[in-house]
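User: I should like to learn how to read the features of a multi-chain model, one at a time. Could you take me through this one?

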Amino acid sequence: MNAEALAFYALAAMVLVGGFLVVQSRNLVHAAISLVPTLLGVAGLYVLLNAEFVTAIQILIYVGAITVLILFVILLTEGATGLRVRQRNEQVPLALLVCGILVVLFLVVLLRVPWGPPTGPMPAYNPGAVGRSFLMPYVLAFEVTSLVILASLVGAIVVARREG
Amino acid sequence: MAQLAWLVPLFPLASYAVLAFRGRALGERAPYVAIGAMALSALLGWGAFLEQVAGAPPYVWRAVWAVGGERTLTVGYTVDPLSSITVAMITLVGGLIFVYSVGYMRGDPYYARFFAFLSLFCAGMLTMVLANSFLLMLIGWEIIGLCSYLLIGFYFRRRSANMAQMKAFLTTRVGDTLMLVGIMALFWQFGTVDYHAIFEAVREGGESASAVVRLGGWEVPLATLSALLVFGGPVGKSGQFPLHVWLPDAMEGPTPVSALIHAATMVAAGVYLVGRAYPLFFYTPHHEALAVVAWVGTLTALLAALMALAQDDIKRVLAYSTISQLGFMMAGLGVLGYAAGLFHLLTHAFFKALLFLAAGSVIHAVGTNNIKEMGGLRRFLPVTFWTFLAGFLALAGVFPFAGFWSKDEILLEAYHHAPAVYALLSATAFLTALYMSRLVAYTFFGTYRGPAHPEPDPWTPEDYARAGLHAPHHGHGTPHESPRVMTGPLVALAVGSLVVGFVGIPGTGPEGGSWIHHFLKFEGFKEAGIHAPSFSWPLALRSLGVALAGIAVAWLVYGLRAVPSERIRAWVGPVYPFLRNRMYIDALYGWVFVRGGLLLAAGLRWFDVHVVDGLVNLVGGVTVVTSRLHRLFDTYVVDGLVNLVGWVTRGLGLLLRPLQTGRAYNYILVAAAGLGLIVLVSLWRL
Amino acid sequence: MPILTLTLFLPLVGALVLLFLPKEDAERIRKVTFGFSLATFLASLGILSRFEFGRPGMQLVEQAAWIPAVGIQYKVGVDGLSLVLAILTTLLTALSVLYSFRENHRVKEYNLLFLLLATGMLGVFFALDFFLFYVFWELTLVPMYFLIGIWGGPRREYAAIKFFLYTLVGSLAMLLGILLLYFHLPPGQRTFDVLEIIRQRPLAGTGLLAQLAFWGFFLSFAIKVPMWPFHTWLPDAHVEAPTAGSVILAAILLKLGTYGFVRFSLPLFPEVFQQHAPLVATLAVIGVIYGALVAMAQTDLKKLVAYSSVNHMGYVMLAVAAAAWAHGRPELQQAAATALNGATMEMLAHGIITGALFLVVGVIYDDRTHTRGVDDFGGLWAVLPKYGAVSITAMFASLGLPGLMGFVAEFLIFVGSFSIFPVFTALAALGIVITAAFFLWTIQRIFLGPTNPRWAELPDLDRREMWTLVPLVVLMIIFGVYPKPLLDVINLASLDVVAMLR
Amino acid sequence: MIGPAHYLGVSALLFGLGLYGVLTRRNAVAILMGIELMLNAANINFVAFTKFVDPTFVRGHVAALIVITLAACEAVVGLALVINAYRHLETVNVDQVNLMKG
């Protein structure tokens, strides 16, 4: 077992355990805090996959922004998120079944696919390639995304604004 | 001149347009427009007529009016002896009536409207006469029907006038519809509506002319059928039995209208059309269509004369007399007296217009229509009396007045071609003299009785106020003679009633015949070897004798009262009320057609609302109930019995409703399960 | 310049422009709407100027791929038939908008719907692709539904839903027919192109399927016409619709049905149509007489005019049935063309005359008396001379007085159909008498006799009302006196249809 | 040797966890967290495929970046909605928010 594998398994464990805590914690604040190791683990996986730029973004946005945002909201809506309140709905068994089957199916698919060897040596990682992709073939997607950001910005302000 | 004949109907039309839009502003000057237009028409019309007299060839002009596939429907006009002499008559008599109306209608709040309608009427009438296709003829024909409608109901405040105008339009429309079907049949047969093309085709008797149709079990020659259908129009318009009922009621209109439309011109249109379409009738097997025309005419003449005997309204007597005389004309045409029938049409226009106008003068003076309330008027109205007398003598057929010559022609033809018709027509001639003498006796002789109930003013004070006039005061002391503008036309027409007949004097034309015979001749007779019988003195004396006998009998009964009419009335029993009530024909029509039609309409309306629409609503109701049932069962029964297309969607919606909880996580669960299913399926195929 | 597309979408552009106007500014909304409808009318006259008279077939065709995968295209074109109907549409839309200047309730939506409706109707007449046709066909339905449902009379909801469901059932049946046709084209050549489908007649000789498709189209068109016994939506819709809505409904929407019969049913299913022509003619004759008689029994003016529409559309259907019967009988072709000319003429005449009649009813009902009962009036002619003259002219035109447009149409229908269906036609001629009877009776009850004192002080037609009514009256007279120019255009289209019936 | 299957396996498990969270949580914020997990799972896939299948054009990175961006937007709007709903309905439990029920 080489270092890469070791790192992978450690990160995978971190991700999955974190994820389990996210969905399982009765206390929402705990769940939100468990989100941090999960997302960091994913970021680690990105490092293993030679995606340093994505890693950076992942940490910046997810860990830095979204998690904090979620924590704020939990605090803002304190009255409804306490431990007194039932946190699960009535379809737990059904959901468990469906999710289980789905995961099993995914795994079956993974196992049945004949993965060939990697398609050759990785080229040197180059964030510039990502930039070029964004601005040349995917410029439309890029623009649309920015529009979506704008819209969500405006939308969030309008929705959350205290009416008066 | 003939090339300009298209202008003849256009002058009155222009006058109509001017009066319709500017009539109110013109006010008292309105008649000048109408009379001026009529004078121009008369000028052109007489020019064309004199050209024809001088022997000019007939002039025909056509234009395409409408297309149907590769066929065309043409309109146009013909100037030939028949149309030109009729145009001359209409413009002359019509013009005189216009002049008379200036006096008669003065002070009426709708003065301009009256002249507008009269002008439109003349435009339609002249169009109809000059037309050279059934299409244009029909257009003119219906326009005069419209004007008749408008003018009968001119006093539109009166309920009786409203009813009369509807009766007139609808009754004639029945005839017109038959004629329309006839024209359709002609178009089917010959593919054209042009007079000349059709007449040429029937004369040659080709394949299409001798076609036969099956009606039930009968084989009817198509030519006869279409001729008889076309005859439906004249039956309606010329008040022939059984569609004569409208004409007496049409007397609700102002008197000049009665004179112009319901005596001199419009009602003669039917006769004119039969004359115009004579080949159509003549070239049927054994002239059978003409036989029908003859018998309808004879019957009408006799029945109307009988009914005239029992009427008390001066205009109604004249109306029945008109019907009777129109029957005479039809009978004349029917018994192969082509020229005779049309000659009578011309003379009749003069003396009947005269009689009506004179009657109008009488009514103007005494303020009632009832002859029982008149009497002794010859002293008060000398001009009216003498002119009326001229008309009376012409109508009765007394030598040398116009009626004598033309009626004698008809009787002559009937004597030679149809003796039964001759007998009946002679009886009618007797009756004619009788009822006319009765009228004269009651009106002008004896003592003045005065109206018990003067006619109410047809207008309301608001009408006068709106027109800026003052309501006239109807103080009827002693009757007084009408103004010159009214008596002038009377005198002119009286002269006409005397002299017009002279064109029928034997020897005025070539070969010892009369001029009118020569001028109006039907080519088919010569080809078929039919010769017009020549004038015979014994026959003429006999008809004169009949007329004088009628006058004498009337003199005994109504003048000398040797046998008072009351006694005769008691003596004949139910015959008098039978005649007085128009043989109950009007009542019968009222019950069968008017009430029956309204009842049927009401019944169908009920049917429409409750049955046809009821079915629709039932279908709707059933679907609604079905969907309610679904709502009841929606948790238990998955029932697909939603069988109406429009409601399938809603039914399905109701079925699926329990699945739609509105909770997003339920939906996501289903979506996830669906995703699993998709993976499973793709695994299967992997 | 693609003049057809321009004409077609000009109202839609107008509707878009309206979207950007504040709804409080009713006056400007009205003016803009009227401006656009007038421009559309002028554009349709522009089509006329570029139309080649004397050339058969479709003209000014514009074509563009739309959904090429399934053979749907944007294809529009005109021939004599659709051209005259399109001009009628634009004219009456403009006049209706002008008339509606008095409408004060939700002005913006009202005018917007009118413009939308105009595009829908023009599209139906222009479309040469079944899919496009269907889209426009349905597009006409929605604005009308709202016009009746929002601006209608007391029972507007019932009437609107009835109208909507009834016509929707019909158009679904037609959709099935269209799909049947489409899927019987050979795979790979499937198209919705009307002319191509007519050329190939994919259902010829398929027996039952052709029957099904025919009845699908028939149901849709017959409801729209409406033929007896599918007519009961009409009186309700007319009575409840606002005046301008009634005008459009009677003048144009009913024509969609007869247009469909002439444009689609006749050339697509000549054999089947011929087989059922006597039945159709029977229904038509029943419609003629029944409509006239039921109209006679009405006391509501709008209902009376509505039933007179049933009567008049019966004449049109008689002519169409006669033309169908002429299929394969060369000796009847000329008569069939005459009958079709008459049918088209009647569509126009009915559009103009009945449009005028509904306006006439609206003039008296909307702004003056608020009653439509025939018996509530009397002697109005003396009070309202202009109004009386216009109304009486329109009514006489409707009862087929020669010299006015209705006569030309009826005469052509009668002479054409008589050569083909003598008995039916003779029976239908009875309708003339009954029509005359009820219109005369109506005239008598409204305009003649003593004046009802309640209405002694009514104002006569004002300028705007004159502007809406006089053009229609003028048209009635012009084409009644000299119809040849119009018939020359129509005749080409009729000959085309007849040629397709060879 | 760690191959694509390993990464995808982790991704599948994480996806399952996220889905479970979405399906069973009553609290809207918690559901949002579940969604974030699922999005991350998807991103792992994208990035992994970039390495093993399409190393030259880095299309997966592009996709992942877009997803992250959209996730951020979604979180912002979603949380705003939660606050709004809380203000109006005094609850953030989605089974009490059933305005969509037909």
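User: To begin with the secondary structure, how many helices and strands does chain C have?

Analyst: Please keep in mind throughout that this is a predicted model. Chain C contains 19 helices and two strands. Its radius of gyration is 22 Å, close to the 23 Å that the globule rule gives for 502 residues, so chain C is as compact as a globular protein of that length. Along the principal axes, its C-alpha atoms fill a box of roughly 70 × 55 × 40 Å. Buried residues account for 65% of the 502 residues in chain C. Of the contacts in chain C between residues at least 6 apart in sequence, 81% join residues at least 24 apart.

User: What does the corresponding reading give for chain D, in terms of helices and strands?

Analyst: Chain D has three helices and zero strands, and its pattern along the sequence is α-α-α. Of its 102 residues, 58% count as buried. Among contacts in chain D with a separation of 6 or more, 47% are between residues 24 or more positions apart.

User: How should one describe the packing of two helices?

Analyst: Two packed helices are described by the angle between their axes and by the distance between those axes. A case is found in chain C, where the axes of helix 12 (residues 301–325) and helix 13 (residues 333–369) come within 8 Å and cross at roughly 170 degrees. An angle over 145 degrees counts as roughly antiparallel, and helix 12 and helix 13 of chain C are therefore roughly antiparallel to each other. Helix 12 of chain C contributes residues including C:Leu301, C:Val305, C:His312 and C:Ala323 to the contact, while helix 13 of chain C contributes residues including C:Ala336, C:Ala339, C:Leu340 and C:His350. By class, the residues of this contact divide into 16 nonpolar, five polar and two charged.

User: Which residues touch the most other members of the largest nonpolar core?

Analyst: That core has 453 residues, and those touching the most other members are B:Ala353, C:Leu318, C:Ala322, C:Ala323 and C:Ala336. Consider C:Ala323 in detail. Not counting residues up to four places away in sequence, C:Ala323 touches C:Leu266, C:Ala336, C:Ala339, C:Leu340, C:Val498 and C:Leu501. Another core, of 76 residues, lies apart from the largest one, and its members include A:Val22, A:Leu48, D:Leu14 and D:Leu19.

User: Turning to the contacts between chains, which pair has the most?

Analyst: Four pairs of chains touch, and the most contacts are between chains A and D. That contact takes 71 residues from chain A and 67 residues from chain D. Helix 3 of chain A supplies the largest share of the chain A side, 13 residues. By class, the side of chain A that touches chain D has 54 nonpolar, 14 polar and three charged residues. Between chains A and B, 11 residues of chain A are in contact with 10 residues of chain B. The chain A side of that contact has eight nonpolar, two polar and one charged residues.

User: How far from chain C do the nearest C-alpha atoms of chain A lie?

Analyst: Chains A and C do not touch, and their nearest C-alpha atoms are 23 Å apart. Likewise, no contact joins chains C and D, whose closest C-alpha atoms lie 22 Å apart.

User: Is B:Leu425 buried or exposed?

Analyst: Burial is judged by counting C-beta neighbours, and 20 or more within 10 Å make a residue buried. B:Leu425 counts as buried because it has 30 C-beta neighbours inside 10 Å. This residue lies in helix 19 (residues 419–444) of chain B. Leaving out residues up to four places away in sequence, B:Leu425 touches B:Thr298, B:Ala301, B:Phe328, B:Ala331, B:Ile410, B:Leu411 and B:Ala414. B:Leu425 and B:Ala301 are 124 residues apart along the chain, yet their C-alpha atoms are separated by 7.4 Å.

User: Where is B:Val679 placed, and what does it contact?

Analyst: B:Val679 is in helix 29 (residues 664–685) of chain B. It has 18 C-beta neighbours inside 10 Å and therefore counts as partly exposed. Apart from its neighbours within four places in sequence, B:Val679 is in contact with A:Leu105 and A:Val109. B:Val679 and B:Ala552 are 127 residues apart along the chain, and their C-alpha atoms are separated by 121 Å.

User: How many residues of helix 25 of chain B are buried?

Analyst: Helix 25 (residues 565–572) of chain B is hardly covered, with zero buried residues among its eight. Just after this helix, B:Gly573 takes a positive phi of about 65 degrees.

Technical notes
Residues are numbered from 1 along each chain as its sequence is written. Chains are lettered from A and ligands numbered from 1 in the order in which they are written. This is a predicted model: local features need pLDDT of at least 70, side-chain atom pairs count only at pLDDT 80 or more; totals for chains, interfaces and linings use all residues. Two residues are in contact if their C-beta atoms, placed from the backbone, lie within 7 Å. Ala, Val, Leu, Ile, Met, Phe, Trp, Tyr, Cys and Pro count as nonpolar, Asp, Glu, Lys and Arg as charged, and the others, Gly among them, as polar. Helices (H or I, at least four residues) and strands (E, at least two) are DSSP runs, numbered from the N terminus. Axes are lines fitted to C-alpha atoms, for helices over the stretch in contact, and angles run from 0 to 180 degrees between N-to-C directions. Angles under 35 degrees count as roughly parallel, over 145 as roughly antiparallel, 65 to 115 as roughly perpendicular and the rest as oblique. A nonpolar core is a set of buried Ala, Val, Leu, Ile, Met, Phe, Trp, Tyr and Cys residues joined through C-beta atoms within 7 Å. A residue is buried if 20 or more other C-beta atoms lie within 10 Å of its own, exposed if 12 or fewer, and partly exposed in between; C-beta atoms are placed from the backbone. The radius of gyration is taken over C-alpha atoms; the globule rule is 2.2 Å times the number of residues to the power 0.38.
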